[in-house]
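Q: Please take a close look at the ligand and its surroundings. I am new to this structure, so keep it brisk, and then show me a few other places along the chain.

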Amino acid sequence: MRVYLDNNATTKVDEQVKRVMEPFLCERFGNPNSLHDYAKEIIPDIKYAYEQIYMGFGANKKDSIVMTSCATESNNWILKSVYFRDIMSGRKDHIIVSEVEHPSIIATAKFLETLGVKVSYLPINSEGLIDASTVRDYITPKTALVSIMWVNNETGAIFPIEEISQICKENNVLFHTDAVQAVGKIKINLELLQGVDFLTFSAHKFHGPKGVGGLFIRSGREVTPLFHGGAQMGGLRSGTINVGAIAGMGKAIELAVDSIDFDYPDVIELRDQLEDEILKIEDTFVVTPREKRVGSTLLVSFRGIEGESMLWDLNKAGIAASTGSACASEDLESNPVMEAIGAEADLAHTAIRFSLSRYTTKMEIDYTIEEVKKAVKRLREISSSYAYTPHTEKK
Ligand code: PLP
């Protein structure tokens, strides 16, 4: 049996999305900027995809949504744009990000530090959560931007975006949220969240294609163009647009939003079953309370078992899980969120992330539970550290 439980890394393309995309490869391949019918006949498809995307985020027609190639691009863009517009001039000198942002934010913030930008890394508490009021303490008169993710990719923790964005608005500070892991799990209505100035998303995290994402820019907020060239995307990101991918992303977001009511309750039930059964195993730990997480993610530590060894055993059994964000998984490092929480080093190295999707079945979860139990037994039997840990009766 093969079980895919790494949906926070990427998801499979929905069949309906694939069908929407196919005609744009060999048949309807025109460049939308041309003046002939090959171009004209695809304009309605592009407009329709935009409508689906605006609706998916509850965005107003006056706002801009610029399609990018991925969330990494959108995140880099907004931080660097704030540098070009507000910091280089000397008007502002400071940004705030959480210490558990995706590497596309953290690494960009570190790069900006080399250019003289002051960066505050907002801490998370022992449950992996952010207290919105701490944002107020970090804001200075020279803060240009606060960037806090909506849902953490490792733990699934939901951060208080509504409150944080409100605090930023009250203090006249721009606010960006990386909503990559929120789409299809939380209903997003940007008309109701006026404090959110910018928002990042990526289609391959919600059963759309890879290589396409976007940046929401609220009406009235200025950004520096990412690519200069033609006038595509209002001159903000020039280059011939990927029509098929954008059409696919339109369908994907429509399905993702619908799935919150229809499929998501089943996802939560399966995740809870997996979590309940794993927590029955001695010396297993989950840091963020269930009700403060999205329903698809479970980050669990197995004392005495290196995360990579567990992944190896699970992979041999056909189960795909993760020890951390896919972008960093080449390094045998401890889980960054567990480190930020201040977890003991041996626990930070034992965290495994299971992330489900609307395609996950009960049979797959039953099978995974059995295989996890087998792996824990085997790996603890050969572990030199586990037998000696003071936290367990097993001597
Ligand atoms: N932000 C978050 C929260 C993510 O989980 C990821 C991917 O894991 C990204 C950004 C980067 O997404 P992309 O692969 O579209 O660049």
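A: The ligand comes first, and some other spots follow.

This is a predicted model: local features need pLDDT of at least 70, side-chain atom pairs count only at pLDDT 80 or more, and totals for chains, interfaces and linings use all residues. Residues are numbered from 1 along each chain as its sequence is written, and side-chain values use heavy atoms, without hydrogens or water.

Start with the shell. The ligand is surrounded by 15 residues, each with a heavy atom within 4 Å of it. T72, D178, Q181, S202 and K205 are the closest. By class, nine residues of the shell are polar, four are nonpolar and two are charged. (Nonpolar covers Ala, Val, Leu, Ile, Met, Phe, Trp, Tyr, Cys and Pro; charged covers Asp, Glu, Lys and Arg; the others, Gly among them, are polar.) Helix α5, residues 71-87, gives the largest share of the shell, with three residues. (Helices are DSSP runs of H or I with at least four residues, strands are E runs of at least two, and both are numbered from the N terminus.)

Now the contacts. Polar contacts are pairs of N or O atoms within 3.5 Å; within protein, one atom must be able to donate a hydrogen and the other to accept it, and residues adjacent in sequence count only if both atoms are side-chain atoms. The side chain of T72 places an N or O atom 2.6 Å from an oxygen atom of the ligand. S202 also reaches a ligand oxygen, with a polar side-chain atom at 2.6 Å. D178 meets a nitrogen atom of the ligand instead: an N or O atom of its side chain is 2.6 Å away. The protein buries 91% of the 390 Å² that the ligand exposes when taken alone. (These areas come from the Shrake-Rupley method with a 1.4 Å probe; for residues, only the protein chains shown count as cover.)

Next, strand β12. It spans residues 351-355, and five of its five residues are buried, meaning under 20% relative accessible area; exposed is over 50% and partly exposed is in between (1.4 Å probe, protein chains only). I352 and F354 point one way from the strand, while A351, R353 and S355 point the other way. Its partner is strand β10, residues 297-302: the two run antiparallel, with five bridges. (DSSP must find at least two bridges for strands to pair.) One of the bridges joins A351 to S301.

H94 belongs to another strand, β3, residues 94-98. It is buried, at 5% relative accessible area. Its side chain makes a polar contact of 2.7 Å with the side chain of S120.

Then the loops. M233 lies between β8 (213-217) and α9 (243-262). It has a positive phi, near 50°, without being a glycine. M233 counts as buried because its relative accessibility is 14%. D283 sits between α10 (264-279) and β9 (284-285). Its phi is also positive, about 60°, and it is not a glycine. D283 is buried, at 12%. I124 is in the loop between β4 (118-122) and α7 (132-138). At 8%, I124 is buried too. Its C-alpha atom is 46 Å from that of N33, which is 91 residues away along the chain.

Last, the cysteines. The structure has zero disulfides, counted as pairs of cysteine sulfur atoms within 2.5 Å. C168 is buried, at 0% relative accessibility, whereas C70 is partly exposed, at 23%.
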